[in-house]
Amino acid sequence: MRQGVLPLLEHLTRVGKRAYLNDMDPGGLRPRHLIALRLLAERGPQGQQGLAEALSLDPSNVVGLLNELEERDLVVRRRDPADRRRHIVELSPAGAQEVALADERAVDVEDRLLVALTAEERATLFDLLRRAVGTTSPACEFPPED
């Protein structure tokens with residue numbers, strides 16, 4: 001009999017997302033905010049259009065997302081000196097701190113979700129998932145392994 005992996009992945013994702021969001025401070029950032037902040041942390045300052053493409057969002061939705069992040073002082077937008085029509089978006093110091101806190105929360109949630117797995121099993125799971133994601137999403141980037 002064939003094992004159904006997708007229902008298990010979907011369940012683990014739902015439980016993990018709920019646990020992660022519960023660990024956020026009241027009024028905390030939503031996943032879409034954290035994805036944008038993480039992208040800026042990893043890639044550095046980005047043009048607003050490039051950020052929209054990297055996030056696979058319509059540019060008008062990115063404007064709203066950036067407005068929310070800017071109101072919280074997590075990003076800074078400035079005109080591109082080479083092309084005054086473009087905006088450059090960069091992580092603020094508060095945004096960098098928020099990314100670090102989100103990473104800590106994610107580690108805590110992951111530790112609780114995967115408590116039944118050994119460190120070696122976790123590493124294997126990560127490698128398998130990365131390979132699976134890489135076959136369907138070649139644009140996905142992962143941090144370099146240590």
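**Notebook: salt bridges, sheet and helices in a predicted model**

I began with Asp80 and Arg86, whose side chains meet in a salt bridge with an N to O distance of 2.9 Å. I keep in mind throughout that this is a predicted model. Looking up the accessibility of the two partners, I found that Asp80 counts as buried at 11% relative accessibility, whereas Arg86 counts as partly exposed at 38%. Asp80 falls in strand S2, which spans 75-80, and Arg86 falls in strand S3, which covers residues 83-91.

**Entry on the sheet**

I next looked up how the strands are arranged, and found that 3 strands form an open sheet in the order S1-S3-S2, with antiparallel pairing. Strand S1 (46-47) and strand S2 (75-80) stand at the edges with a single partner strand each, so one side of each has no neighbour in the sheet. Between S1 and S3, which run antiparallel, I noted 2 bridges, and I recorded Val89 in S3 as the bridge partner of Gln46.

**Entry on the whole chain**

I then stepped back to the protein chain, whose secondary structure comes to 6 helices and 3 strands, and which reads along the sequence as α-α-β-α-α-β-β-α-α. Of its 146 residues, 25% count as buried. I also noted that the chain exposes about 10300 Å², of which carbon and sulfur atoms supply 56%. Among contacts between residues at least 6 apart in sequence, 47% join residues at least 24 apart.

**Entry on helix H3**

Which residues of helix H3 are buried? For this helix, residues 48-55, I wrote down Gln48, Leu51, Ala52 and Leu55. They cover an arc of only 100° around the axis, and therefore lie on the same side of H3. When I asked what covers these buried residues, I found that the cover includes helix H2 (31-43), helix H4 (59-71) and the strands S1, S2 and S3. Just after H3, I noted that Ser56 takes a positive phi of about 55°.

**Entry on the other salt bridges**

A search of the whole structure gave me 11 salt bridges, and I followed two further pairs in detail. The side chains of Arg30 and Glu68 meet at 3.2 Å, N to O. This pair links distant parts of the chain, with Arg30 in the loop between H1 and H2 and Glu68 in helix H4, 38 residues apart. Both ends are partly exposed, Arg30 with a relative accessible area of 40% and Glu68 with one of 27%.

I also looked at Asp127, which forms a salt bridge with Arg130, the closest N and O atoms being 3.4 Å apart. Why are Asp127 and Arg130 separated by about one helical turn? I put it down to their spacing, because they are 3 residues apart in helix H6 (residues 119-136). Asp127 is partly exposed, with a relative accessible area of 32%, and Arg130 counts as partly exposed at 22% relative accessibility. Returning to the earlier pair, I found that salt bridges with shared partners join Arg30, Arg32 and Glu68 into one network.

**Entry on the nonpolar patch**

Last, I looked at the surface, where Val5, Leu6, Leu9 and Leu129 make a nonpolar patch of about 350 Å². Helix H1 (residues 5-23) supplies the largest share of this patch, 3 residues. I checked Leu6 individually: its place is in helix H1, and it counts as exposed because its relative accessibility is 67%, where the cut-off for exposed is over 50%.

Terms used:
Residues numbered from 1 in each chain as written. Predicted model: local features only at pLDDT ≥ 70, side-chain atom pairs only at ≥ 80, totals over all residues. Heavy atoms only, no water. Pairing = 2+ DSSP bridges. Helix = DSSP H or I, 4+ residues; strand = E, 2+ residues; numbered from the N terminus. Patch = residues over 30% accessible without salt bridge, like charges linked within 9 Å, V, L, I, M, F, W, Y side chains within 5 Å. Areas by Shrake-Rupley, 256 points an atom, 1.4 Å probe, with all protein chains shown as cover. Salt bridge = Lys/Arg side-chain N within 4 Å of Asp/Glu carboxyl O. Buried < 20%, exposed > 50% of the residue type's maximum accessible area, 1.4 Å probe, protein only. Contact = heavy atoms within 4.5 Å. Arc of directions from axis to C-beta.
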